[in-house]
Every structure is written in C-alpha cells, then in structure tokens.
Amino acid sequence: MNKLQEISLSLGIELSGEQIEKFEIYLDELTRWNRQFNLTAIKLPEDIEVKHFADSLAVACGLDSINLENRTRVIDIGTGAGFPGLPLKIALPQISLTLLESTAKKSAFLHHIVDRLGLEDVTVLCDRAETLALSPDYRENFDIVVSRAVARLNTLAELCLPFCRTEGLFIAHKKGDISDEIALAAGALEKLGGSLASVIPVRLAGLDDNRYIVVIRKISPTPAGYPRRPGIPGKNPLK
Ligand code: SAM
C-alpha cells in the first residue's frame, strides 16, 4: 500500500497502520469477489490501490469548506463496490456514511465488506436514487453527497442534489475535460437548488489523466417533482 500512502499524504491525509490494514482487507475481499461477480472493471491489485482507493480519497479536496464534525452525514450515490464512499470512511472514520447502489450483487458485497471491516455508522441501501430521494427519511437529509463515475453532471445533479440539505455540498468526482459538461449542467443546477462553488483540479502521482473535484453548494431546497421517474434524468437531462 505504498502508493496509497504516498498519494494520500499528497492529499493531506495520513493513514495509520490500522487504516492501511483495512485497505488491505478491502483489496483482498474485492479481488476475491471480483473473480466470481463482475463488481468492477479494474481487477489488478496494484490498479485497485491507485485507481479506486487513492482516487476516491481525492474527494477529500472538496471537503475543506465544511466542518467535518462527528457524524457528518455523507451519502454516496451509485457507489458500485464502495467508491468513493468506503475509502473516505476508512480515512475519515468520524463521518456517518450511507452507500446507495441499485445493483443487488454490488449491495451484497457492500454489506459483506462493511461487516468484515467492522465499520460503524455505515448504512447500505439497495435502491435507485430517483426512488429513494422521494422518501422524507432521505430527502434533503445529508450534509454531503458524493458520487464518482455514475453520469454526466446534468443527470447526476438530479440524482444527487435532492439528498443534500440546504447549505450542504454535492461533490462530483470527474475525469477528463469537463468544461462542456459543467456548462451543460448550469440549467439543471439552477432548477435543483445548486450553485457551482469550485472546480478543483487534482493530479495523483502515477496517473496521467486529469481529474476534477466539482463542488456544488445547495443554496435552496430542490423543488417537488425532482428527481423525475427512474431513468428519465439520464434519458432526458434537465437543460
Ligand atoms: N461509483 C463507483 C465507482 O466510482 O467505482 C461505481 C461506478 S459504476 C460505473 C456506476 C454505478 O452506479 C453502478 O454500480 C450502477 O449500478 C449505479 N447506479 C447507476 N444509476 C443509479 C441510480 N439511478 N441509482 C442508484 N445507483 C445507480
């Protein structure tokens, strides 16, 4: 886990021996489950260390403006095998984490790994964002909403912003050239109660591709009617 330690230090996060041990268990279990179920396209242990674990921690760059007190409520939308939410929870154990994933086999892995790592204050939910966001138990109920590699920003905003409380943050982890994507999402952000706060470029040692942490502040409640029915935010993104 030398690369993970090096990259996390460059992000201002110092991982203890116990935390590194948790990442090692996560790596072993993910590799083992991946042989049977296709949980993630990245399969080699050295790639998982950098492209999943370290890459997920890049989201921490967007957390500067929020006070990460005990039990800050964080939800990860479309978390897959736990990214970026679980690496963040291992590195920042004070957060209260909810992982949302619509695929049953991935959710089964999440239940298993949360239990195996002995993580406290983590909830795994198997549902679609469009459905869960209508429940008063979850709507406008999180301080921070994170998401990586789920959809373009105009679609993603509709899946994520309804979960965020006013004055909370929606943090999207993005790769590649994102200027067009951000411009196209302007209408969606306005309709959903979000406002672009910052776009933070992040370079990680050993990775050539550009990545950006897009920070959106929730400035007003998301109007009733959003998100629209499952599938509609992707098929017909807000303009
Ligand atoms: N965030 C993870 C990562 O960075 O490795 C997984 C990315 S994967 C490409 C996208 C995941 O989002 C899939 O596991 C998919 O099942 C989930 N997903 C897509 N749309 C969703 C929705 N509307 N609600 C909940 N999960 C969704």
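Strands are runs of at least two residues assigned E by DSSP, and they are numbered from the N terminus. In this predicted model, one such element is strand β5, which covers residues 164–175 and includes Glu167. The backbone of Glu167 has a positive phi of about 80°, although this residue is not a glycine. With a relative accessible area of 43%, Glu167 falls between the limits of 20% and 50% and therefore counts as partly exposed.

A positive phi is also found at Ala149, where the angle is near 60° in a residue other than glycine. Ala149 belongs to the loop that runs between strand β4 (142–148) and helix α7. Its relative accessible area is 72%, and because a value over 50% is required for this class, Ala149 is described as exposed. These backbone angles deserve mention because most residues other than glycine have a negative phi.

Helix α7, which spans residues 153–160, contrasts with the exposed Ala149 in the loop before it. Eight of the eight residues of helix α7 are buried, so the helix is largely enclosed by the rest of the structure. The buried residues of α7 include the leucines Leu153, Leu156 and Leu159, but also Asn154, Thr155 and Glu158.

The peptide bonds provide a further point of interest, since most peptide bonds are trans. A cis peptide bond, with omega at about 5°, joins Phe83 and Pro84, and Pro84 is placed in the loop between β1 (73–77) and α4. Another cis bond leads from Tyr226 to Pro227, with omega near 0°. Pro227 is likewise a loop residue, lying between β7 and α10 (232–235).

The ligand is surrounded by 16 residues, and the closest of these are Gly78, Phe83, Glu101, Glu130 and Arg148. Phe83 thus takes part both in the surroundings of the ligand and in the cis peptide bond to Pro84. By character, the residues of the shell around the ligand divide into four nonpolar, six polar and six charged. The space that the ligand takes is the largest pocket.

Polar contacts to the ligand come from the backbone as well as from side chains. At Gly78, a backbone N or O atom lies 2.8 Å from a nitrogen atom of the ligand. In the side chain of Thr103, an N or O atom is 3.0 Å from an oxygen atom of the ligand, while a polar side-chain atom of Lys106 lies 2.9 Å from an oxygen atom of the ligand. Taken alone, the ligand exposes 600 Å², and the protein buries 78% of that area.

Two residues with charged side chains are found in buried positions away from the description of the ligand given above. Lys89 lies in helix α4, which comprises residues 85–91, and its relative accessibility is 4%, so this lysine is counted as buried. Between Lys89 and Val74 the separation is 15 residues in sequence, and their C-alpha atoms are 9.3 Å apart in space. Arg211 is located in strand β7, which covers residues 211–218. Its relative accessible area is 2%, and because this value is under 20%, Arg211 is classed as buried. A polar atom of the side chain of Arg211 lies 3.0 Å from the backbone oxygen of Asp209.

Conventions. Residues numbered from 1 in each chain as written. Predicted model: local features only at pLDDT ≥ 70, side-chain atom pairs only at ≥ 80, totals over all residues. Heavy atoms only, no water. Near = heavy atom within 4 Å. Polar contact = N/O pair within 3.5 Å; in protein donor to acceptor, adjacent residues only side chain to side chain. Areas by Shrake-Rupley, 256 points an atom, 1.4 Å probe, with all protein chains shown as cover. 1 Å grid on protein atoms, 1.4 Å probe; cavity = no way out; pocket = protein on both sides within 12 Å on 5 of 7 lines; lining within 4 Å. Sits in = over half its atoms within 2 Å of the grid points. Helix = DSSP H or I, 4+ residues; strand = E, 2+ residues; numbered from the N terminus. Buried < 20%, exposed > 50% of the residue type's maximum accessible area, 1.4 Å probe, protein only.
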